[in-house]
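Hi,

Here's the structure I promised to pass on to you. Have a look at it first, and then read my notes underneath.

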Amino acid sequence: MAAPLNQVRHILSSYYAPRGRKRLYSTGIMISQMYLTPYDKLIGIMGDPGCGKSALVKGMFPGLELTNDDDGVNVRPLPILSVDDDCGFFSPHTYHLDIRFETGFSQLPVLADAIMSAIHKGKRVIVEHFELIYPLLPINADLLIGVGEEIIVSRPDIFGPEPQEIYDVVHQTLPYRLMAHTAEDICESILEPAGIAAVAHGDVRHGFTLIYDKKPELDIRKLEEQVKEIIAKDLPVTYYDDDHILLGDKVLPCTGPRTHVRSTGQIENFTLLWDFIDDHIHNRWILVGAVGDKALASLKKLESMQKWDAMATNQSDIIF
């Protein structure tokens, strides 16, 4: 049976890739509700290690046993290789495999045959690093998902997109997400001890936002200099546990401890917007940080938009 008409018409969607497990889980749930159908048998996931593919898959498919879990639990032997033996009532409906990991144990043609065999038996297969196995398959995935700075969701047709095309995009943008996340955690390592903890976090292109219910008393320029001093020290950033990172020898709380640059010196052109954004629609105040080669230009554009918004608000107050 064909997929619903609204899914057939879907070509490509793009979302910010959030940082932190809970936000990735929530995004995975949203993607499954909006784009996944019961008829999708092959799901291709693309993205570099550490981008959050596994967390996204867990959100999309709660309870699915990942064969190469981030916690180091590797399922052996690989279940999909025994799909011909699992013909009983209690055999799995959904299989997962990480191609990059599995090539250390099995040849690509063997993995490709196992994927097609499972699909022919009516099973669903979720494949991480799908671009590596796609050249050996006779079909494209029903749903392609790329994870970098953004999450790209596509339902390809005979004209594409190809898995490699999506991978190339997310591969190029992931460094911005890693830099932004590390810069965000450095900011919070300074703000939280001072009693200026954000109530929520958000995403912008090549950057991050810290959200507050009330406008904090904060010298943003001084904060920017403090962060730049830490960046200049080129401190190592390493995984500590599922809820913390090590910044040098300092343990910091973090809900996405694997999504970071390796050292602070890899953060390029860190910049803060030197005033809070007054989000009067949602009654909150937003601190914006940016990284990368266009960070300053992006913040100047945002600052200009904020001034125009303030002028419009003042004028409407006068008129009405």
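So, what's in there? The protein chain has nine helices and 14 strands. Keep in mind that this is a predicted model. The chain has 320 residues, and 49% of them are buried. I also looked at contacts between residues at least 6 apart in sequence: 68% of these join residues at least 24 apart.

**H2 and H3**

Let's start with two helices that touch. Helix H2 covers residues 21–35 and helix H3 covers residues 53–60. They pack at an angle of about 50°, and their axes are 7 Å apart. Angles from 35 to 65 degrees fall outside the parallel and perpendicular ranges, so H2 and H3 count as oblique to each other. Their crossing is right-handed.

Which residues do the touching? On the H2 side you'll find Leu24, Tyr25, Thr27, Gly28, Ile29, Ile31 and Ser32, and they meet Ala55, Leu56, Lys58, Gly59 and Met60 of H3. Sorted by type, the residues of this contact are seven nonpolar, four polar and one charged.

H3 is worth a second look, as it is mostly covered, with seven of its eight residues buried. Those seven are Lys53, Ser54, Ala55, Leu56, Val57, Gly59 and Met60. H2 is one of the elements they pack against; the others are the strands S2, S3, S4, S5 and S6 (150–154).

**H5**

Next, try helix H5, residues 108–120. Does its length fit what you'd expect, and what would that be? At 1.5 Å a residue, its 13 residues should span 18 Å, and the C-alpha atoms at its ends are 18 Å apart, which agrees.

Plenty of H5 is tucked away: Leu111, Ala112, Ala114, Ile115, Met116, Ser117, Ala118 and Ile119 are buried. And what do the buried residues of H5 pack against? Strand S2 (42–46), strand S3 (94–98), helix H4 (99–102), strand S4 (124–128) and helix H6 (130–133). You've met S2, S3 and S4 already, since the buried residues of H3 pack against them too. After H5 comes glycine 122, which has a positive phi, near 85°.

**Glycine 146**

Now zoom in on one residue. Glycine 146 sits in strand S5, residues 143–147. Is it buried or exposed? Glycine 146 has a relative accessible area of 0%, and the cut-off for buried is under 20%, so it counts as buried.

Leaving aside neighbours within four places in sequence, glycine 146 is in contact with Met46, Ile151, Ile152, Ile166 and Val170. You can also check its distance to proline 163: the two are 17 residues apart in sequence, and their C-alpha atoms are 8.4 Å apart in space.

**H7 and H8**

One more pair of helices to finish. Helix H7 (residues 163–191) and helix H8 (residues 220–232) have axes that come within 10 Å and cross at roughly 120°. That makes H7 oblique to H8. The crossing of H7 past H8 is right-handed.

Where do they meet? Ile186, Cys187, Ile190 and Leu191 in H7 touch Leu223, Gln226, Val227, Ile230 and Ile231 in H8. This contact is made up of eight nonpolar residues, one polar and no charged.

Have fun turning it around on your screen!

Cheers

Technical notes: Residues are numbered from 1 along each chain as its sequence is written. This is a predicted model: local features need pLDDT of at least 70, side-chain atom pairs count only at pLDDT 80 or more; totals for chains, interfaces and linings use all residues. Side-chain values use heavy atoms; hydrogens and water are left out. Helices (H or I, at least four residues) and strands (E, at least two) are DSSP runs, numbered from the N terminus. The expected span of a helix is 1.5 Å times one less than its number of residues. Buried means under 20% relative accessible area, exposed over 50%, partly exposed in between (1.4 Å probe, protein chains only). Contact means heavy atoms within 4.5 Å. Axes are lines fitted to C-alpha atoms, for helices over the stretch in contact, and angles run from 0 to 180 degrees between N-to-C directions. Angles under 35 degrees count as roughly parallel, over 145 as roughly antiparallel, 65 to 115 as roughly perpendicular and the rest as oblique. A crossing is left-handed if the near helix is turned anticlockwise from the far one by less than a right angle, and right-handed if clockwise. Ala, Val, Leu, Ile, Met, Phe, Trp, Tyr, Cys and Pro count as nonpolar, Asp, Glu, Lys and Arg as charged, and the others, Gly among them, as polar.
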